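Reader: I have a model open and some questions about it. Can we go through them one at a time?
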Amino acid sequence: MNESRLNELIIKYLNQTATAEELKELHTWLLAHPSFQLEMQLLEDYWQTDSLKNADLDQGYARLQEKIHQSERRSRSVSQAGNHASPFHEIRYLLLHPMKWVAAFLLLLLMAGGMYKFWRTHHNTDNQPPKSWEIVYDQPGMKSRLILPDSTEVWLNGDTRLYYSRQFGRETREVWLSGEAYFKVKHDPSKAFIIHTTKMNIRVLGTEFNVKCYPDDPLYETSLINGAILVTLKDRPEDRIILKPKEKLVIFNDQVLLQKHEGSQPVPPTLAEKPSSKLWVTDIHYFSSQDSVLIETGWIEGKLVFRDENFSELAKRFERWYGYHFRFMDDSVKQYHFTGIFEHETLEQALKALQIAEKFHFQIQNQDSTVVIY
């Protein structure tokens, strides 16, 4: 399908003038191009809001004309070298017809990478939140739930920091996260909800998902429960990753490779290997085929869930869960692997349960909240 036909179908769809065959044609194209499905959802939601009805159409038309003219000038330069026609010529032709040209305006800005009201963001390139933002901090051993000014619900795991602007919800909905949080975002088609982390930005309209981005973890994860989310990487902003429900994005180190894994849980490279920086998309996982507990989100139900996890990484989770610092006297013990679910167990009970699977000793020092493993 050429660009002219695609724009015509989308405009007719928004105007509710498309025939059944045209709707089927558009649906088929979107299935074949999943990277544009979220843009289509954003465009459709925004089209139905009062913000569009109250837009300054004359100013918008002038901006569109200028953008087309700039694109045509660039295209003529390319055309002289490679004899290619301008891809924007037919868009300008479409606008001369009695259709809602604003749809083409939005579509052009959106799919060409431009910025419009609901797609406008403030990119944070410093990997730090603005100093003026408010902070909510869960210390290790704590878990909490809060409601943001837009009614979005957020669950914070231990040792997690969430920053948000004092002006949150007025013009934009943006937060900055370090740690782990589960979001149940209030749907608002006029304002995308944006989460900034050190490695990625996550954009949604309204959905449920989990983000794990502890600065000392080798892996960063975004797990989608329902809805749709768009992820962009800090060091590769031109790349966009759209997750479907029950999918998880895993980022290892500096991201330069995208791999798609189906079926079983992929085995991440160890820190010692570091062949190259990687990221991949996989399915979220239940603890077992007979269990309804999700490994990625069990913590919000008060369950510490782990599967085939080495003691070194599990100790970090214990530190956030129980609020005790772990110190290993024998490095070989760090390589022990464990699988299990803890819910109401005390720290001592959990460690004794691990001793059933592997041989080690421990000493809990309550005076300085330290656990010595030997």
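Reader: In what sense do S3 and S5 pair, and over how many bridges?

Author: This is a predicted model. In it, S3 and S5 pair in the antiparallel sense, over four bridges.

Reader: Which residue in S5 does Trp155 stand opposite?

Author: Trp155 stands opposite Tyr182.

Reader: And S2, how does it pair with S3?

Author: Strand S2, residues 144-147, and strand S3, residues 153-156, also run antiparallel, with four bridges between them. Ile147 has Glu153 in S3 as its bridge partner.

Reader: How many residues sit between S2 and S3 in the hairpin?

Author: Five residues lie between them. In that turn, Ser151 has a positive phi of about 80°.

Reader: Switching to the core. How many residues are in the largest nonpolar one, and which have the most contacts inside it?

Author: The largest nonpolar core has 31 residues, and Phe183 and Phe209 have the most contacts inside it. S5 supplies the largest share of this core, four residues.

Reader: What does Phe209 touch, not counting residues up to four places away in sequence?

Author: Among them are Ala181, Tyr182, Phe183 and Val185. Phe209 also touches Ile195, Ile202 and Val204, and further along the chain Ser223, Leu224, Ile225 and Ile229.

Reader: Which residues does the second, separate core include?

Author: That core has 27 residues, including Ile284, Leu304, Ala315 and Leu347.

Reader: Charges next. How many salt bridges does the structure hold?

Author: The structure holds 13 salt bridges. One of them joins Glu134 and Arg166, with the closest N and O atoms 2.9 Å apart.

Reader: Why does that pair tie together parts that are apart in sequence?

Author: Glu134 lies in strand S1 (residues 134-138), while Arg166 lies in the loop between strand S4 (160-164) and S5, so the salt bridge ties together parts that are 32 residues apart in sequence.

Reader: Is Arg166 buried or exposed?

Author: Arg166 is exposed, with a relative accessible area of 56%. Its partner Glu134 counts as partly exposed, at 32% relative accessibility.

Reader: What about salt bridges inside helices? Where do Glu313 and Lys316 lie?

Author: Both lie in helix H8, residues 311-322, three residues apart, which is about one turn of the helix. Their side chains meet in a salt bridge at 3.6 Å, N to O.

Reader: And Glu348 with Lys352, how many residues apart are they?

Author: Glu348 and Lys352 are four residues apart in helix H9 (residues 347-357), again about one turn of the helix. Their salt bridge is 3.3 Å, N to O. Glu348 counts as partly exposed at 40% relative accessibility, and Lys352 counts as partly exposed at 45%.

Reader: Which residues do salt bridges with shared partners join into one network?

Author: Asp216, Asp217 and Arg320 are joined that way.

Reader: Last one. Where is Lys191, and which side chain of opposite charge is nearest to it?

Author: Lys191 lies in the loop between strand S5 (173-184) and strand S6 (193-196). The nearest side chain of opposite charge is Asp188, 4.0 Å away. Lys191 is buried yet has no salt bridge.

Reader: What is Lys191 in contact with, leaving aside its neighbours within four places in sequence?

Author: Lys191 is in contact with Gly169, Arg170, Glu171, Thr172 and Arg173.

Technical notes:
Residues are numbered from 1 along each chain as its sequence is written. This is a predicted model: local features need pLDDT of at least 70, side-chain atom pairs count only at pLDDT 80 or more; totals for chains, interfaces and linings use all residues. Side-chain values use heavy atoms; hydrogens and water are left out. Helices (H or I, at least four residues) and strands (E, at least two) are DSSP runs, numbered from the N terminus. Buried means under 20% relative accessible area, exposed over 50%, partly exposed in between (1.4 Å probe, protein chains only). Lys and Arg count as positive and Asp and Glu as negative; His and the chain ends are not counted. Contact means heavy atoms within 4.5 Å. Two strands pair if DSSP finds at least two bridges between them. A nonpolar core is a set of buried Ala, Val, Leu, Ile, Met, Phe, Trp, Tyr and Cys residues joined through side-chain atoms within 4.5 Å.
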